[in-house]
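Here is a friendly walk through one protein model, with the cut-offs stated alongside the values. Please keep the viewer open as you read.

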Amino acid sequence: MRSVFKTPILIHLLRWLLARPLLYLLGWKILGQTPQGKSILIGAPHTSNWDFPLMLAVMISQGADVRWMGKDALFRPPFRHLMVWLGGIPIDRSQANNTVDQMVAAIERSEEITLLITPEGTRSKVHEWKTGFYHIAHRARIPIVLGFIDTRTKTCGFGPRYTPSGNIEADLTEIRAYYADKRGIRPTLSSESK
């Protein structure tokens, strides 16, 4: 099934008549360079259901083709086709399957893919990030783009690209330091960035 990002006329209409005007009216500014080629795009902080439509509007407004992983419950009828069309990849978290292997294989089959992952894994307050995004990027040998939302400055978009070294503790310390001053839509639910 073709995603919204690969539907030529519709994506241009959504970009110019919906996403860009909506972000402008809501007062959000987009910063940074839109990911190109293959990359993992971190979405952080992830504290609200509004994070998803906001980041989706950002990606549509920039004409970027993004895929995202979501729990399989989001893909139940009658919403399955809509979620896949919006770039979703269903993940069955009840099975002891290897999501990292599945995503690395999908990346290797793709000429170009930006895979959006929220390392907090949930909108609830967490103390530790899930590390699947890191393992996928390291094994697929692709960069991690530090995507962000910051309600304090009403900015969102794309921070620096980070190439995993294989030293996960050191790399995660550096990556999380970037988010230390970023505030989510519900700041009390942000994970500690230290």
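A residue counts as buried when its relative accessible area is under 20%, as exposed when it is over 50%, and as partly exposed in between, with a 1.4 Å probe and protein chains only. By that rule, 44% of the 194 residues of the chain are buried. This is a predicted model, so local features need pLDDT of at least 70 and side-chain atom pairs count only at pLDDT 80 or more, while totals for chains, interfaces and linings use all residues. Residues are numbered from 1 along each chain as its sequence is written, and side-chain values use heavy atoms, with hydrogens and water left out.

**Overall layout**

Helices (H or I, at least four residues) and strands (E, at least two) are DSSP runs, numbered from the N terminus. The chain has 6 helices and 7 strands. Read from the N terminus, their order is α-β-β-α-β-α-β-α-β-α-β-β-α.

**The second largest pocket**

A few grid terms come first. On a 1 Å grid over the protein atoms alone, a pocket is an open set of points with protein on both sides within 12 Å along at least five of seven lines, whereas a cavity is a set where a 1.4 Å probe fits but cannot get out; lining residues have an atom within 4 Å of a point. Points are joined across faces, edges and corners, and a volume is the space filled by probe spheres set on the points.

The second largest pocket has a volume of about 360 Å³. Its lining consists of 19 residues, and Leu22, Trp50, Pro53, Leu54 and Ala57 lie nearest the centre. Helix H1 (8-26) and helix H2 (51-61) are the elements that give two or more residues to this lining.

What classes of residue line the second largest pocket? There are 18 nonpolar, 1 polar and no charged residues. Here Ala, Val, Leu, Ile, Met, Phe, Trp, Tyr, Cys and Pro count as nonpolar, Asp, Glu, Lys and Arg as charged, and the others, Gly among them, as polar.

**Rings and a lysine**

Rings of Phe, Tyr and Trp (its six-membered ring) pair if their centres lie within 6.5 Å; planes under 30 degrees apart count as stacked, over 60 as edge-to-face and the rest as tilted. The structure holds 5 aromatic pairs. In one of them, Tyr178 and Tyr179 meet edge-to-face, at 5.2 Å centre to centre and 90 degrees between the planes. Tyr178 is partly exposed because its relative accessibility is 23%, whereas Tyr179 is buried at 3%. Both tyrosines belong to one aromatic cluster with Trp129, Phe133 and Phe148.

Lys182 joins this picture through its charge. A charge sits over a ring if NZ of Lys or CZ of Arg is within 6 Å of the ring centre and within 35 degrees of the ring normal. The charged end of Lys182 sits over the ring of Tyr178, 4.2 Å from its centre, and over the ring of Phe148, 5.3 Å from its centre. Lys182 itself counts as buried because its relative accessibility is 11%.

**Salt bridges**

A salt bridge is a side-chain nitrogen of Lys or Arg within 4 Å of a carboxyl oxygen of Asp or Glu. The count comes to 4 salt bridges, including these:

| Basic residue | Acidic residue | N to O distance |
|---|---|---|
| Arg67 | Asp65 | 2.7 Å |
| Lys182 | Asp181 | 3.1 Å |
| Arg152 | Asp150 | 3.5 Å |

Is Asp150 buried or exposed? Asp150 is buried, with a relative accessible area of 4%, while its partner Arg152 is exposed at 51%. Asp65 counts as partly exposed at 21%, and Asp181 is partly exposed at 39%.

**Backbone details**

The peptide bond from Ala44 to Pro45 is cis, with omega near -15 degrees; Pro45 lies in the loop between strand E2 (38-44) and H2. The bond from Pro77 to Pro78 is also cis, with omega near 5 degrees, and Pro78 is in the loop between strand E3 (66-71) and helix H3 (80-85).

Arg141 is not a glycine, yet has a positive phi of about 55 degrees. Arg141 sits in the loop between helix H5 (132-140) and strand E6 (144-150) and is exposed at 68% relative accessibility. Lys154, also not a glycine, has a positive phi of about 55 degrees; Lys154 is in the loop between E6 and E7 and is partly exposed at 33%.
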